[in-house]
Amino acid sequence: MLKCIKTSQFLFYPQRLFSSQYIYHEYISTYLCTPIGKSKIMQEFGTKNPSASLTDLGINPSIVHWNLTTQQLSDKTVELGQGSITSQGALAVNTGKFTGRSPQDKFTVKDALTENTVDWGDINFGISPEHFDIILKDMQAFMSNKELYVRDAYACADPKHRLNIRVVNETPWANLFCNDLFLRPTEEEVKTQEPEWVILQAPSFKADPAVHGTRQDNFTVVNFTKKMILIGGTAYTGEMKKGIFGVLNFTLPHNEKVLSMHCSANEGAEGDVSLFFGLSGTGKTTLSADVNRKLIGDDEHGWDQGSVFNFEGGCYAKCIDLTEEKEPQIYNAIKHGALVENTNYKEGTNEVDFSDCTITQNTRVAYPIDHILNAKEPSIGKNPKNIFFLTCDAYGVLPPISKLTVGQAMYHFLSGYTAKVAGTEVGVTEPQVTFSACFGKAFLPLHPTKYADLLGEKLDNNPDINVWLINTGWSGGGYGVGERMKLKYTRAMITAAMKGELDNVEYTEHQVFGVQMPTSCPNVPDELLIPANTWNDLAEYNKTANKLAGLFNKNFGQYASEASAEIKAADPKMLENV
C-alpha cells in the first residue's frame with residue numbers, strides 16, 4: 001500500500017512517484033530539512049533514504065545531496081564560490097593548504113587484524129582503536145547539521161573483486177572527484193547497493209593531536225576492521241583515491257592472491273595488454289594514453305589469474321606544462337565533468353595556464369575514463385604481454401630501453417627507482433634519488449617482498465611476458481649537462497616493443513646493470529640506445545654509473561636477507577679502477 005507522510009504543509013510520497021532517484025532525494029533535501037522530519041522518513045522508508053543512511057553512520061545533516069550529477073555538483077561549487085568553470089568547460093578549484101598527499105599523516109588502526117600483517121615502519125604508522133573512535137565521534141558531531149554530499153560508488157572493474165564504497169563529503173567538488181575517479185554504479189545498482197567501505201571526508205575538521213593521537217591537525221586514518229577511512233584537515237582529493245588503493249593493496253594480495261599494482265594499462269587491437277609502472281613524473285599516464293590502443297586505466301590495477309582489471313573509473317593526471325600537441329588525449333579529456341586542481345588562468349581569461357606552477361608543480365586534472373575516446377569498457381584485459389618499468393634517470397646512466405630477466409624484473413620492481421632534478425635551494429646541485437618499492441611504497445600496507453613474490457610467480461607462470469626498463473630521463477649526461485629523452489623516441493621504443501619489432505634485433509649487455517640493450521630500434525637513432533656512447537667523456541660516464549650502482553646496492557640491502565639468489569644476482573656490479 002502506498003504510504004505518505006505529512007510534514008508541515010508538504011505531502012511526500014515514496015520515490016516511485018518521481019522520475020529519478022535524484023529528484024526524490026533532492027526534493028526531500030530541499031523541503032524537509034528538520035531532524036524530526038528526517039527521522040520520520042527514516043522510520044517509514046528505512047535505509048533507502050539518504051538521511052537514514054547517514055543516521056546509521058551517526059551523522060544528522062541539515063541537508064544531504066545524494067548522487068548528484070556532474071552538472072549539479074559543478075553548479076553547486078560555483079554557487080558556493082568554491083570554484084569556477086574553465087574555457088574548456090571543466091570545474092577548476094583550489095585545494096588550499098595541501099596540494100598533495102601528506103604521507104606522514106596517514107595512519108592505520110593497529111588492532112588484532114593488522115598488528116601482525118601490516119608492515120609497520122616509516123610508511124605505515126599505527127594509531128590505536130581508541131583514538132580512531134574519538135576521531136570518528138568528533139567527526140560525526142562536526143558533520144551533523146551541515147550540508148553534505150554523498151555518493152555511492154565502487155572499486156574494481158572485475159565483478160569478482162568489486163568493493164562497494166560510500167563517500168560523505170563536505171564540499172560538492174570533492175564529491176565530483178569521487179564520481180570521476182571511482183567506478184559508477186548503474187541507477188538500478190544504486191537502489192540496492194550496500195557499502196562495504198565508508199569514507200568520511202571533512203577538510204575543515206581539524207584534529208587535536210593531544211586528543212586524537214595524530215601528528216598534526218590533518219589526517220587520514222584507515223580502519224580495516226571497521227572498514228572506514230576518516231579524512232580531515234586537508235582538501236586534497238587524492239587522499240580519498242589513495243586511501244581506497246591502500247585498502248585494495250591489503251585485501252587483494254593478502255586474502256585473494258591478486259597482485260595489486262600502481263601502474264597504467266592499455267590494450268592493442270589483438271587484445272595484447274601492456275602495463276606501465278612508474279612513480280610520479282615518469283610518464284605513466286602519458287605513455288598509456290595511446291591513440292592506437294584502448295586505455296584500460298591510468299594508475300591502479302589488479303592482476304588476477306589470466307586477467308588485468310582497473311580499480312578505478314577515471315584518471316588523475318598531472319597537467320603541469322600540458323599541451324594539446326604533446327598529450328592530445330589528456331588535453332581533450334579536460335571538459336565538462338572534469339575537475340582541474342590548483343591551476344591559474346591566463347590573465348583576463350578563464351583559460352587555464354598549464355605552464356603556471358605558482359600554486360604547485362603538482363597541478364592535477366580528474367576525469368572519468370570515458371573522456372578518453374578509446375577507453376575500454378569494461379576496463380578489463382587479459383594477462384599482460386609487455387610490462388614497462390618507467391624511470392626518470394636524471395643521472396643519464398640507464399639505457400632508454402632494456403630487456404629484463406625475471407630476476408632483474410623482481411629486483412627493479414623492489415627498487416622502484418627514479419630521480420628528481422635538483423631543486424632551487426642553495427647548495428642543492430645534484431639529482432634527488434628516489435627508491436619506492438613496487439613503484440608505490442607509500443601505498444603498501446604489506447611488506448614489499450609480498451608483492452615482488454607475487455610478481456615473480458606470475459612471470460614464472462607466464463614465460464612469454466616481456467619486461468622492459470624504460471628511461472624517460474636524461475641522455476648524453478646528467479641533469480644540467482645532457483638532454484631529456486624526447487617523448488617521440490620513448491613512444492617509438494615502446495611501440496616497437498609491443499609490436500614485437502625488438503624480438504630479433506641484436507642486444508648488448510650493460511656493463512654495470514647487466515640489462516640487455518637493443519642496438520637498433522625503428523624510428524630511434526642508434527646512438528641513443530647505448531647510453532655510454534652518448535656521453536662526451538666515457539670516464540665520467542663510468543664514474544657516474546658506479547655512483548648510481550652504489551645507491552641501488554645500498555637501497556637493496558634492506559631486502560637482501562629475504563631475496564632469492566636470482567634477485568640478488570641482479571644487483572648492479574660496479575666497475576673496477578674507475
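Start by selecting residues 238-256, which form helix 9. In this predicted model, helix 9 gives the most to the lining of the largest cavity, with 3 residues.

**The largest cavity**

Stay here and look at the space itself. Rolling a probe the size of a water molecule over the atoms shows where empty space is left. The structure holds 6 cavities of 30 Å³ or more, and the largest encloses about 120 Å³. Its lining is made of 14 residues. Colour them by type and you should find 5 nonpolar, 4 polar and 5 charged. Which residues lie nearest the centre of the largest cavity? Select Arg101, Pro103, Lys106, Ala442 and Phe443 to see them.

**Phe443**

Now keep just Phe443 from that group. Follow the chain on either side of Phe443 and you will see a loop, with strand 27 (432-435) before it and helix 13 (448-461) after it. Is Phe443 buried or exposed? Phe443 counts as buried because its relative accessibility is 9%, and the cut-off for buried is under 20%.

Next, show the neighbours of Phe443. Leaving out residues up to four places away in sequence, Phe443 touches Arg101, Lys242, Phe245, Gly246, Asn249 and His262. Then add Ile123 and draw a line between the two C-alpha atoms: Phe443 and Ile123 are 8.1 Å apart in space, although 320 residues separate them in sequence.

**From His262 to Lys284**

His262, one of the residues that Phe443 touches, leads to the next stop, for His262 is also among the residues that Lys284 touches. Select Lys284, in helix 10 (residues 284-288). Lys284 has a relative accessible area of 8%, so this residue is buried too.

What does the side chain of Lys284 meet? Show the side chain of Asp299 and you will find a polar contact of 2.6 Å between the two. Setting aside residues up to four places away in sequence, Lys284 touches several others besides His262, including Cys263, Ser264, Phe276, Phe277, Gly278, Asp298 and Leu390.

**Zoom out**

Finish with the whole protein chain in view. Switch to a cartoon and you can trace 17 helices and 32 strands. Of the 578 residues in the chain, 58% are buried; Phe443 and Lys284 are two you have already visited. Turn on the surface next: the accessible surface comes to about 23900 Å², and 50% of that belongs to carbon and sulfur atoms. Last, think back to Phe443 and Ile123, 320 residues apart in sequence. Among contacts between residues at least 6 apart in sequence, 70% join residues at least 24 apart.

Note on methods: Residues are numbered from 1 along each chain as its sequence is written. This is a predicted model: local features need pLDDT of at least 70, side-chain atom pairs count only at pLDDT 80 or more; totals for chains, interfaces and linings use all residues. Side-chain values use heavy atoms; hydrogens and water are left out. Helices (H or I, at least four residues) and strands (E, at least two) are DSSP runs, numbered from the N terminus. Buried means under 20% relative accessible area, exposed over 50%, partly exposed in between (1.4 Å probe, protein chains only). Contact means heavy atoms within 4.5 Å. Accessible areas come from the Shrake-Rupley method with a 1.4 Å probe; for residues, only the protein chains shown count as cover. A polar contact is a pair of N or O atoms within 3.5 Å; within protein, one must be able to donate a hydrogen and the other to accept it, and residues adjacent in sequence count only if both atoms are side-chain atoms. On a 1 Å grid over the protein atoms alone, a cavity is a set of points where a 1.4 Å probe fits but cannot get out, and a pocket is an open set with protein on both sides within 12 Å along at least five of seven lines; lining residues have an atom within 4 Å of a point. Grid points are joined across faces, edges and corners, and a volume is the space filled by probe spheres set on the points. Ala, Val, Leu, Ile, Met, Phe, Trp, Tyr, Cys and Pro count as nonpolar, Asp, Glu, Lys and Arg as charged, and the others, Gly among them, as polar.
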